Amino acid sequence: MSYKATIGLEIHAELKTSTKMFCSSQNNADETRANVHVCPICLAHPGTLPVINREAVRQVLRVGVALKGTLADYTEFDRKNYFYPDLPKGYQLSQYEFPLVSGGSLNGVDITRVHLEEDTASSIHDEMTGETLIDYNRAGVPLMELVTEPVIHSAKEAGDFGRELQLLLRYLGASDADMEKGRMRLEANISVSNSDELGTKVEIKNINSFRAMERAVEHEIARQTDILDMGQKIAQETRGWDDSKQATFSQRVKEGSADYRYFPDPDLPSLKLSQIEEFSEDALKKTLPELPSERRQRYIHAGIKAADAEQFAAYPRLADFMDKVIVGNIKDEAFIQRATNYIVNDLVSIIRDINKRDTDLRGEIPISSMNFTKIMRMLGDRRISSRGAKDLLSLVIKEGRDPETVASERGLLIDAAGLDVESAVHNVLTRNKEVVADYLSGKQNALQYLIGQCMKELKGAVEPTELRVILMQTISSRSAT
Ligand SMILES: [Zn+2]
């Protein structure tokens with residue numbers, strides 16, 4: 001039997017506003033003290049009235065514009081009623097019938113809707129005493145929920161979508177979208193079917209990383225396929241992902257949306273968004289930065305390889321640095337290639353060595369774009385070798401001094417006048433007649449060896465690619481005679 005998996009995602013992200021969604025308590029995700037950013041409104045004292053956070057609405061609308069979705073003209077907030085200790089009001093303010101954004105797409109995945117709601121408090125379970133403690137700092141924090149259409153068919157596609165959304169939210173400054181800190185949370189709806197009809201939907205929660213999501217989706221597809229293979233039915237339920245067991249487990253049978261008894265909140269006004277100038281699509285568009293997809297395209301257009309362009313898009317700090325380096329050299333494709341290589345390989349590995357925790361490369365780049373550009377120019381002008389450029393890069397980062405001075409002090413400058421490539425190649429070929437014979441009989445490794453020998457002879461002053469050409473030409477002209 002051939003089965004097809006269909007996946008839809010629900011992604012929550014805490015917005016990075018200064019205050020909460022419906023009150024003026026601080027929205028401070030880095031707070032370590034419990035229950036300090038609270039007030040009668042977010043603690044749901046009787047008689048208090050919520051006020052809509054304008055900035056939160058604006059941020060979700062900006063996300064909508066970036067996704068090329070349709071912005072709502074009319075919108076309202078609804079009460080989603082359920083009882084849980086982390087929900088002080090006994091209902092959550094969310095959006096049901098009139099989400100802020102409908103449609104749009106990202107990474108080729110169609111989006112159903114994006115709406116705005118409030119976060120719940122956080123529950124801390126104390127294993128020792130069996131007690132549950134509640135921290136209301138998070139209660140009422142603006143939360144964006146994005147729902148995709150069920151159009152994803154593999155774990156990798158699901159992971160790629162999540163990563164791209166995280167990147168987009170960070171570019172927009174709408175959310176930190178840190179998964180390990182719970183500022184971005186994923187749920188996947190997965191169904192497996194062997195017909196054109198969708199199978200029974202199983203919802204997976206407790207996913208704490210993109211890697212975990214990919215594994216959870218793979219595991220769930222396999223589990224459902226096994227059940228169908230045995231001729232049994234899939235139960236519609238919510239399952240959790242257990243990272244230590246690498247398996248999903250049943251949590252509860254899913255309730256339908258009717259169970260929440262949604263109705264418009266009588267304490268909040270409905271919004272006619274077209275009457276608010278700063279919420280118009282044109283006004284919002286002007287506030288958008290260059291988006292990840294646009295940045296990628298710009299680099300590819302400049303002649304940068306797709307994989308390197310992806311690195312730059314993923315690490316904006318690195319890309320900002322790259323932009324400063326190439327600003328005066330935008331027509332010089334060789335320079336751009338060289339700078340790209342040294343940034344994505346050498347510079348990144350140096351940064352990761354210096355600061356092992358900075359895997360996201362969000363810290364300062366440890367060299368000025370001016371000094372880096374100088375090194376790239378010296379390399380392009382053949383005043384230093386590629387080996388010398390690597391050494392010089394490390395030294396300039398360590399010492400923070402001018403590359404010219406460092407290079408001349410350390411003897412890294414190539415004495416071009418004293419360089420005799422022809423006799424070096426001649427010497428190497430004379431010393432290695434057997435290797436040359438091997439090369440002529442078709443052994444490609446032999447050429448690599450000869451290049452290495454020439455490099456040694458010339459102390460790295462000539463690039464291997466260049467030596468390859470010189471060697472091939474010399475050998476073929478010699479063997480022809
Ligand atoms: Zn409050």
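Where is Ala44 found?

**Figure 1. Close-up of Ala44 in the predicted model, with its surroundings in sequence and in space.** Ala44 is found in the loop between strand 1 and helix 1. The residue has 16 other C-beta atoms within 10 Å and is therefore partly exposed, since a residue would need 20 or more such atoms to be buried and 12 or fewer to be exposed. When the neighbours within four places in sequence are left aside, Ala44 is in contact with Pro88 and Lys89. Leu87 is 43 residues apart from Ala44 in sequence, and the two C-alpha atoms are 9.1 Å apart in space.

**Figure 2. Close-up of Asn35, a residue with positive phi in the loop between strand 1 and helix 1.** Asn35 is found in the loop that runs between strand 1 (4–14) and helix 1 (54–66), and its phi is positive at about 55° although the residue is not a glycine. Most residues other than glycine have a negative phi. With 14 other C-beta atoms within 10 Å, Asn35 is partly exposed.

**Figure 3. Close-up of Asn206, a residue with positive phi in strand 13.** Asn206 lies in strand 13, which covers residues 202–207, and its phi is near 60°, a positive value in a residue other than glycine. The count of other C-beta atoms within 10 Å is 18 for Asn206, so this residue is partly exposed.

**Figure 4. Close-up of strand 1 with two of its pairings, to strand 12 and to strand 11.** Strand 1 and strand 12 (residues 184–193) run antiparallel and are joined by ten bridges; within this pairing, Gly8 has Asn189 of strand 12 as its bridge partner. Strand 1 also pairs with strand 11 (residues 142–148), again in the antiparallel sense, over five bridges. Here the bridge partner of Ala13 is Met144 in strand 11.

**Figure 5. Close-up of the open sheet formed by three strands in the order 5-4-16.** The pairing in this sheet is antiparallel, and the edge strands, each of which pairs on one side only, are strand 5 (91–94) and strand 16 (263–264). Strand 4, made of residues 78–81, is joined to strand 5 by four bridges, and these two strands run antiparallel. One of the residues to look for is Asn81, whose bridge partner in strand 5 is Tyr91.

**Figure 6. Close-up of the hairpin of strand 14 and strand 15.** Five bridges join strand 14 (residues 238–242) to strand 15 (residues 247–252), and the two strands run antiparallel. Thr238 has Arg252 as its bridge partner in strand 15. The hairpin has four residues between the strands, and Gln246 takes a positive phi near 55° in it.

**Figure 7. Close-up of the packing of helix 7 against helix 8.** Helix 7 (residues 316–326) and helix 8 (residues 333–354) pack with their axes 11 Å apart and at an angle of about 150°, which makes helix 7 roughly antiparallel to helix 8, because angles over 145 degrees are counted in that class. The crossing in which helix 7 passes helix 8 is right-handed. Leu318, Phe321, Met322, Val325 and Ile326 of helix 7 make the contact together with Ile336, Ala339 and Ile343 of helix 8. By class, the residues of this contact of helix 7 with helix 8 are eight nonpolar, no polar and no charged.

**Figure 8. Close-up of the packing of helix 13 against helix 14.** The axes of helix 13 (residues 433–440) and helix 14 (residues 444–457) are 7 Å apart, and the helices pack at an angle of about 140°, so that helix 13 is oblique to helix 14. Helix 13 passes helix 14 in a left-handed crossing. From helix 13, Val435, Asp438 and Tyr439 meet Ala446, Leu447, Tyr449 and Leu450 in helix 14, and the residues of this contact divide into six nonpolar, no polar and one charged.

**Figure 9. Close-up of Glu294 in helix 5.** Glu294 lies in helix 5, which covers residues 292–301, and counts as partly exposed because 13 C-beta neighbours lie inside 10 Å. Glu294 and Arg54 are 240 residues apart in sequence, and their C-alpha atoms are 28 Å apart in space.

How values were computed
Residues are numbered from 1 along each chain as its sequence is written. This is a predicted model: local features need pLDDT of at least 70, side-chain atom pairs count only at pLDDT 80 or more; totals for chains, interfaces and linings use all residues. Two strands pair if DSSP finds at least two bridges between them. Axes are lines fitted to C-alpha atoms, for helices over the stretch in contact, and angles run from 0 to 180 degrees between N-to-C directions. Angles under 35 degrees count as roughly parallel, over 145 as roughly antiparallel, 65 to 115 as roughly perpendicular and the rest as oblique. A crossing is left-handed if the near helix is turned anticlockwise from the far one by less than a right angle, and right-handed if clockwise. Two residues are in contact if their C-beta atoms, placed from the backbone, lie within 7 Å. Ala, Val, Leu, Ile, Met, Phe, Trp, Tyr, Cys and Pro count as nonpolar, Asp, Glu, Lys and Arg as charged, and the others, Gly among them, as polar.
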